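These are my notebook entries on one sheet and the helices around it. I began with a single bridge and worked outwards from there.

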Amino acid sequence: MPRFRETKVGEILNQAVARKKILDKVRTADAAGKWVLENASDGIITSYDRYLAQQPQCSFGLTGVCCRNCVQGPCRIMPTGEAKSRGICGATAYTIVARGLARGIAGGASSHSDHGRHMAKTLLEVAEGRAPDYKVSDPAKLRRVALKVGINPEGKSDRELAKEVALKALNDYYRFDEKPLTWLDSYITPGRRAKFKHTNIIPTNLMQAITEVISQTVMGMDADPVNIIFGGLKTALADFTGMHVATDMSDILFGTPEPVATEANLGVLEEEYINVATHGHNPTLSDMIVEAALQLEPEAIKAGAKGIKIVGVCCTGNELLMRKGIPLAANQASQELAIMTGAVDAMVVDVQCFLPSLKVLSDNYHTRLVTTAINAKIPTATHIDFNEEEALELAKDIVRQAIEAYKRRNKDKIRIPKEKTKALAGFSTEAIESLLAAVNPEQPWKVLTDAIESGELAGVALFAGCNNQKVAQDEGHLTVAKYLAKNNVLLLATGCAAGALAKAGLTTPGAVEAYAGDGLKSFLKRIEEAAKPQYGLPLVFHQGSCVDNVRGLDLAVKMAETWGIDLPRVPFVVTAPEDMHEKALSIGSWFVTMGFPVHVGVMPPIEGSELVYSVGTQIAYDVFGGSFIFDTDPESGAKKLVDALDYRTWKLRIHRAAAEKYNTALASGY
Ligand code: SF4
Ligand code: MSK
């Protein structure tokens with residue numbers, strides 16, 4: 001079992017090596033971030049410092065054997081040896097570790113599902129005329145989604161259909177008819193449907209799936225670790241459902257992403273402009289901020305600026321990047337550094353992944369920090385209760401706060417790094433299908449599956465997940481991406497992983513020349529020559545924010561359908577080299593149940609139980625065909641992913657040869 005690796009940081013702390021060396025060697029691989037930490041920190045404490053200050057972290061917590069599920073606790077368990085112990089109630093290590101894992105999945109599922117519910121509610125408000133600043137921007141997607149979930153769009157206006165689709169999505173949250181969730185059932189293969197039924201993990205009510213697992217894991221309830229984990233997997237499938245609702249509703253409201261060119265990294269901030277950073281996950285507010293900024297440009301010029309520049313942070317940043325070409329300033333770990341440039345006049349946050357420290361930090365500058373969600377406030381930050389009925393007016397209010405703050409700027413504190421790079425984004429699964437259709441209009445996905453069968457490509461990998469202060473920012477993403485590209489793996493990315501790869505220039509055509517193996521190069525070139533995309537094709541296809549991981553699943557389903565096989569046979573893998581959030585736990589878990597190898601680069605707290613660890617790494621493989629690959633060494637993790645792809649492709653070829661020899665269809669059940 002790989003152990004938790006803290007050696008680099010531990011050694012450096014013990015040797016009291018200078019802070020500069022810590023930053024250079026350990027904390028971040030992001031050139032702009034490094035520059036800010038070295039040149040603009042003014043002794044300000046950031047999460048990079050607070051991580052070091054937290055060392056050594058509690059080994060009970062790190063391995064998941066600390067329980068606080070009742071007030072008798074905390075109970076800390078010694079899992080093995082003579083000191084082997086139980087909690088006060090008698091709970092053993094495997095019960096406590098499984099409970100912690102399942103509750104983590106529930107945290108992720110509730111975040112995504114709440115996001116999805118909000119988007120469906122916004123679509124309903126649009127349909128009922130209660131959100132005048134929004135509209136159905138993508139009627140074609142509305143009709144595609146309607147058909148997918150079993151609604152006949154014939155003869156219905158956009159508003160009528162939007163209402164029906166929104167109500168059906170909301171119905172997944174509240175219904176009690178014991179039928180599988182629509183946004184799960186409609187997007188999976190028949191094989192997965194049967195597998196989930198057989199293993200009794202199909203959620204039938206999204207809210208209920210989350211409450212069930214919390215109830216299952218309170219003191220005095222389920223002590224069976226395997227049963228608890230299966231409860232967690234049911235919740236993970238509920239998470240998938242909420243994520244797919246979020247992605248579909250966002251596409252309908254704001255448009256299905258298409259390839260777009262922009263820039264990434266802190267160098268996108270501009271001293272002469274009023275800089276407004278939008279941060280979080282929900283595109284409803286940020287979309288309006290973009291519109292408000294356009295309308296208030298004259299006020300900005302009157303205040304002495306050249307104009308208003310909107311930049312993105314984390315997944316709200318990804319939402320704006322892929323649909324509007326708004327530059328991405330930072331991913332999760334460097335959000336504080338954006339403020340430390342002294343050039344951010346307002347940072348507006350919606351939900352998830354923003355740090356409470358942003359307020360303390362912004363107090364050192366002129367920056368106005370604005371929270372906007374009723375359930376996500378920071379003490380003493382400005383709070384504006386955002387709602388869709390008055391969206392544009394509220395967005396203007398926020399932008400005006402930025403204009404006011406701009407007038408209080410301290411020019412001496414402005415230190416913007418030069419580093420920024422070109423970035424392509426907007427590669428939704430639909431956009432990729434259009435590109436492939438330029439080569440084969442009748443069977444676009446056959447272009448991809450043929451390339452894998454012929455050995456030109458080794459398979460497809462999806463980069464997901466976050467930054468995590470336990471590892472150098474972005475380094476894991478970059479190492480795994482370069483290794484896979486060299487080995488001819490087609491790369492997709494979402495969330496802060498996509499942000500990391502964009503900031504390092506890997507979402508550009510130039511990166512193909514620099515990092516792709518010959519097979520990947522020739523595959524991309526063939527598509528480029530046929531489709532003639534305006535900006536060329538990048539090494540990594542940026543698919544969006546963290547809810548958009550479902551786009552990767554949709555793509556894998558297309559591959560499975562083209563081959564006529566189920567998902568566990570498809571040469572598709574997932575990697576989260578810097579997983580951090582509970583949402584990453586949840587996403588990884590549903591990808592495993594869908595049948596994929598999932599590499600995780602930072603150990604979640606499960607090492608306190610051999611049993612739970614082996615359920616994730618081995619039993620899951622036997623039951624679902626997918627499993628976790630825990631490896632904290634990015635290169636070694638990447639090698640295992642290539643091995644997993646090779647194994648699947650090898651089996652595929654053998655069965656293809658047999659099918660051709662006996663003139664049969666490719667066997668689906670091998
Ligand atoms: Fe301790 Fe059991 Fe209470 Fe957990 S539930 S804190 S193990 S007594
Ligand atoms: S923002 S969940 S750190 S991807 Fe989606 Fe990034 Fe992970 Fe948050």
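**Entry 1, a bridge.** I looked up Thr-575 and found that its bridge partner in E15 is His-599. The model I am reading is a predicted one. The bridge belongs to the pairing of E14 with E15, which runs in the parallel sense over 3 bridges. I then followed the connection and noted that E14, helix H26 (residues 582–594) and E15 make a right-handed β-α-β unit.

**Entry 2, strand E14.** How many residues of E14 are buried? I count 5 of its 5 residues as buried, so described under the cut-off of 20% relative accessible area. Looking at the directions of the side chains, I see Phe-572, Val-574 and Ala-576 pointing one way from E14, while Val-573 and Thr-575 point the other way. This fits what is expected of a regular strand, where side chains alternate between the two faces of the sheet.

**Entry 3, the other partner.** I turned to the pairing of E11 with E14, which is again in the parallel sense and spans 4 bridges, and there Ala-461 stands opposite Val-573 in E14. Strand E11 (residues 459–463) also pairs with strand E12 (residues 489–494), in the parallel sense over 5 bridges, and I noted Val-489 in E12 as the bridge partner of Gly-459.

**Entry 4, the sheet.** I wrote down the strand order as E13-E12-E11-E14-E15-E16, an open sheet of 6 strands with parallel pairing. Strand E13 (540–544) and strand E16 (627–630) each have a single partner strand, so one side of each is left without a neighbour in the sheet. Neighbouring strands are turned by 25° against each other on average, direction ignored.

**Entry 5, helices on the sheet.** Helix H22 (residues 495–503) packs on the sheet and touches E11, E12 and E13, and I read its direction as making about 115° with that of E12. Helix H28 (residues 634–661) lies across E11, E12, E14, E15 and E16, and runs at about 165° to strand E14 (572–576).

**Entry 6, helix against helix.** At what angle do H21 and H28 pack? I noted about 40° for helix H21 (residues 475–486) and H28, with their axes 9 Å apart, and H21 passes H28 in a right-handed crossing. On the H21 side I listed Gly-476, Thr-479, Val-480, Tyr-483 and Leu-484, which meet residues of H28 including Pro-634, Ala-638 and Val-642. By class, this contact has 7 nonpolar, 2 polar and 2 charged residues.

Notes:
Residues numbered from 1 in each chain as written. Chains lettered and ligands numbered in written order. Predicted model: local features only at pLDDT ≥ 70, side-chain atom pairs only at ≥ 80, totals over all residues. Heavy atoms only, no water. Pairing = 2+ DSSP bridges. Axes fitted to C-alpha atoms, helices over the stretch in contact; angles between N-to-C directions. Contact = heavy atoms within 4.5 Å. Buried < 20%, exposed > 50% of the residue type's maximum accessible area, 1.4 Å probe, protein only. Right-handed = clockwise from strand over helix to strand, strands pointing away. Left-handed = near helix turned anticlockwise from the far one by under 90°. Nonpolar A, V, L, I, M, F, W, Y, C, P; charged D, E, K, R; others polar.
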